[in-house]
Amino acid sequence: MKEEHTLEGLKTPTPPSAHEGQFLLQYCESCDRYQFYPRAICLECGGVDLTWRKALGRGTIYTFSVVHRAMPNASEYGLEPPYILSLVDLDEGVRVMSNIAVSDPEDVAIGDRVEMIDSDFGGQSGVPRFRLIAETSTASNRA
Amino acid sequence: MRLRGTGAIAGIGETRVGVVPDQGSFDMYVEAILLALKDAGIGRSQVDILATANSRTEPFLYHSEHVAEYLGIQPNYCLTTQTGGGTTVGVVGWAVSLIEAGLAKVAVISAADNLLSGFAVGGAMQSMAEGASHPRFEVPFGATVPSLYAQLAQRHMHDFGTSREQLAAVAVAARKHAGMTEKAQKRDPLTVEDVLSARPIATPLHRHDCALISDGGAAIVIVSAEIARDLAKPPVFILGLGEGHRWEYISQTKDVTETAAKESGDLAFSMSGLKPHDMKMAILYDAFSILPILFLEDLGFCRKGEGGAFVEDGRIEVGGQLPINTHGGLLSYCHPGRSGAMFGVLEAVRQVRGEAAKRQVLDADAVVVHAEGGVASTNGTMVLSQEV
């Protein structure tokens, strides 16, 4: 049973550096499920049979907010208000916080499909920023 | 349940609130505590339990211990927390448990800070955001405290049709109540239109949907029910207490429109033997206008999704069916950070005692106080009453 592991020296896993620039999600081999944020144990089974799998990079907007008043350090992260902060439901079944890059904040709605922007990761989060998938966005549907 | 009614709030005290540039957080603690002890008619040397919420502007590692020493007291029990909000109720629960166990008789719980005058412009915002947003998984995406709560509001509007007008009704009611409260930081009347047209902070939350940033300190004295009955002022019995935690960071919960106020409320009400409809007024932590709506639902005053309708038509104003935050709340009375919830407790005590002057809700024999912290992460509910 995988739980008979030693807890000594427990470390929260981070994505392997050889895969830098890729969007990797933690995956439990025993439960066949993804989890976020990465932990030393699986939330479901409590085991340590955890690996990293490449995420599809696609999801659906669960909720969002157009941020007009930003933190003083926003520009350090390349953010200039108004920008969109969002909870995105990834197709893998986990939810992440990220930004949605869009030219007009009015174009964003709950339920919109998004895809990751390659090489635009938020700090050390391992999570990318997203853009609307043009052909399914409500904006283009309204056009 | 054993805790029910074993403790009573016997004294309350508070400093000036709002813009108070000439008094530091530590001195506010001392003032509030001395005022609360005076209100209770209890001497310093009787204090067995002292709990404080440290300070962002004048922190000490062992803050409550230092306050005790400054006051010349040696309580058996000292506790320093780093948070207010729901933790305030948690600390009350701890103190009442010690009293119920027969280990203590008098507790002082206090919180004070200078979020407004103690920081440079923007400093308070930075300080609070550092706590509420995850440094690795949220900060790099520009999460601010309002933007986290805003996402709860946005989803609530999507799922239930809650409107900005309904959010505004919460802010309008708070300001109306502050208008009846001399000490309140912001008292000039607000209309729904004012709230709608104010500058956006993080949609759907605009300026008046967000709590103030203030200075201020408050304290309560909790005593055993036996001691309370011998004191000059009518005791305010703590009939029910509960806490609830479902998440810390909002990405980790399936449904951001339902909070652990459900668990904390269920615990508090069932301990008290009372139900939501027995409450004559409510203190519902209003760091943002969406919160009272969520808590009205999760505490059981209305069904999930009906909170928006509940706050309309003056229902939550003095004179209405369930007045909330009759002092003006965090939205209009003050929000010095960790002491925000404590001011709500004080107002609840005033209402039960009949000391709420122009804001008095007649026959306010039972009231509920709900506070939260984080992003609706830490929840605590208390039911207070004139009688056991």
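# A guided tour of chains B and A

Begin in strand S10 of chain B, where Val369(B) is the bridge partner of Ile283(B). The model under view is a predicted one.

**The strand pair in chain B.** Select residues 281-284 of chain B, which form strand S9. Then add residues 366-373 of chain B, which form strand S10. These two strands run parallel, and four bridges join them.

Next, display the side chains of S9(B). Which residues point one way from this strand, and which the other way? Met281(B) and Ile283(B) lie on one side, while Ala282(B) and Leu284(B) point in the opposite direction. Are these residues buried or exposed? All of them are buried. Ile283(B) is therefore worth a second look: this buried residue has under 20% relative accessible area, and its bridge partner in S10(B) is Val369(B).

**Chain A as a whole.** Now select chain A and colour the chain by secondary structure. Eight strands and one helix should appear. Following the chain from its N terminus, one passes through the strands and then reaches the helix, in the order β-β-β-β-β-β-β-β-α. Along the principal axes, the C-alpha atoms occupy a box of roughly 55 × 35 × 25 Å.

**Contacts and surface of chain A.** Among the contacts in chain A with a separation of 6 or more, 53% are between residues 24 or more positions apart. Chain A has 143 residues, and 43% of them count as buried. Switch to a surface display: the accessible surface of chain A is about 7,500 Å², and carbon and sulfur atoms contribute 46% of this area.

**Charges of chain A.** Finally, select the charged residues. How far apart are the mean positions of the positive and negative charges? For the 13 positive and 21 negative charges of chain A, these mean positions are 1 Å apart.

Terms used: Residues numbered from 1 in each chain as written. Chains lettered and ligands numbered in written order. Predicted model: local features only at pLDDT ≥ 70, side-chain atom pairs only at ≥ 80, totals over all residues. Heavy atoms only, no water. Buried < 20%, exposed > 50% of the residue type's maximum accessible area, 1.4 Å probe, protein only. Contact = heavy atoms within 4.5 Å. Areas by Shrake-Rupley, 256 points an atom, 1.4 Å probe, with all protein chains shown as cover. Lys, Arg positive; Asp, Glu negative; His and termini not counted. Charge placed at Lys NZ, Arg CZ, Asp CG, Glu CD. Pairing = 2+ DSSP bridges.
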